Amino acid sequence: MSVTIVSGLYGGRRLDCPPGKAVRPMTARVKGAVFNILGASVEGTRVLDLYAGSGGFGIEALSRGADDCVFVEREEAHAKVLRANLVKLGIQARVFESPNEKAFQRLAGESFDLVLMDPPFAEHPRALPLEVTADLQGLAASGIWKGTLVLEHRRGKPEYPAGLVPYDLRDYGGASVAFFRAP
């Protein structure tokens, strides 16, 4: 399986995808729609890609003019594929192979204009996985998120953590994409 960069500097390039059923890369249609909504606001940003997988979401941001992206992926096999994709494209970027909460601690004092989250989907459409809820709360409390957060989840409107209300919510097939502003 591979992931395609939709547009920009790396547009049309294919990325390898980690094997297995646990990986569900964002479709090109959804990714294209997200970046069309974000528009030129991506240019010059610092990006944090959580649940990075192959790196396709963060690399798309770099392709569209983001200055920097930090990738966080806790699965060793996925991080290995991510690093290989970065090398293939000649991209210099930091990759943290750790749970998100540890990455938040290591990134203390930094700030990110755009946070991208494409975690595994919950089984129930009205709930986010507990890990994702904890990550959203930890991210908000960390102070590193300063701009927009984009979260893809199973289609529907789950209960988001207290204080996090999307300013935009779009549905694409079996997925929804929620856009939040930093608290």
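## Buried residues, cores and the H1–H2 contact

Met26 is buried, with a relative accessible area of 7%. The structure described here is a predicted model. Met26 is placed in the loop that runs between strand E2 (14–16) and H1. Not counting residues up to four places away in sequence, Met26 touches Lys31, Phe57, Asp118 and Glu152. Glu131 stands 105 residues from Met26 along the chain, and the C-alpha atoms of the two are separated by 19 Å.

Two of the residues in this account, Lys31 of H1 and Phe57 of H2, also take part in the contact between these helices. The axes of H1 and H2 come within 11 Å of each other and cross at roughly 45°. Because the angle has this value, H1 is oblique to H2. The crossing of H1 past H2 is right-handed. On the side of H1 the contact is formed by Lys31, Val34 and Phe35, and on the side of H2 by Gly56, Phe57, Glu60 and Ala61. Sorted by class, the residues of this contact are four nonpolar, one polar and two charged.

H2 is largely enclosed by the rest of the structure, because eight of its eight residues are buried. These are Gly56, Phe57, Gly58, Ile59, Glu60, Ala61, Leu62 and Ser63. After H2 comes Gly65, which has a positive phi near 110°. Before the helix, the loop between strand E3 (46–50) and H2 contains Tyr51. Tyr51 is not a glycine, yet its phi is positive, at about 60°. Most residues other than glycine have a negative phi. Tyr51 is also buried, with a relative accessible area of 14%.

The largest nonpolar core has 32 residues, and those touching the most other members are Val34, Phe35, Leu38, Ile59, Phe71, Leu116 and Val150. At least two residues of this core come from each of helix H1 (28–38), helix H2 (56–63), strand E4 (68–72), helix H3 (76–89), strand E6 (112–117) and strand E9 (175–181). H1 supplies the largest share, five residues. A second core, separate from this one, has 24 residues, including Val70, Leu107, Leu128 and Leu136. In soluble globular proteins, nonpolar side chains tend to be buried together.

Leu38 is in contact with Leu114, Thr148, Val150 and Phe179, leaving aside neighbours within four places in sequence. Thr148 belongs to strand E7 (residues 145–154). With a relative accessibility of 18%, Thr148 counts as buried, because the limit for that class is under 20%. On the same basis of sequence separation, Thr148 is in contact with Leu38, Asp113, Leu114, Val115, Tyr167 and Phe180.

Leu169 is located in strand E8 (residues 168–172). Its relative accessibility of 30% makes Leu169 partly exposed. Leu169 is eleven residues from Phe180 in sequence, and their C-alpha atoms are 9.2 Å apart in space. Leaving aside neighbours within four places in sequence, Leu169 is in contact with His153, Gly156, Lys157, Tyr160, Ser176, Val177 and Ala178.

The accessibility values of four residues discussed above are collected below.

| Residue | Relative accessibility | Class |
|---|---|---|
| Met26 | 7% | buried |
| Tyr51 | 14% | buried |
| Thr148 | 18% | buried |
| Leu169 | 30% | partly exposed |

Terms used. Residues are numbered from 1 along each chain as its sequence is written. This is a predicted model: local features need pLDDT of at least 70, side-chain atom pairs count only at pLDDT 80 or more; totals for chains, interfaces and linings use all residues. Side-chain values use heavy atoms; hydrogens and water are left out. A nonpolar core is a set of buried Ala, Val, Leu, Ile, Met, Phe, Trp, Tyr and Cys residues joined through side-chain atoms within 4.5 Å. Buried means under 20% relative accessible area, exposed over 50%, partly exposed in between (1.4 Å probe, protein chains only). Helices (H or I, at least four residues) and strands (E, at least two) are DSSP runs, numbered from the N terminus. Contact means heavy atoms within 4.5 Å. Axes are lines fitted to C-alpha atoms, for helices over the stretch in contact, and angles run from 0 to 180 degrees between N-to-C directions. Angles under 35 degrees count as roughly parallel, over 145 as roughly antiparallel, 65 to 115 as roughly perpendicular and the rest as oblique. A crossing is left-handed if the near helix is turned anticlockwise from the far one by less than a right angle, and right-handed if clockwise. Ala, Val, Leu, Ile, Met, Phe, Trp, Tyr, Cys and Pro count as nonpolar, Asp, Glu, Lys and Arg as charged, and the others, Gly among them, as polar.
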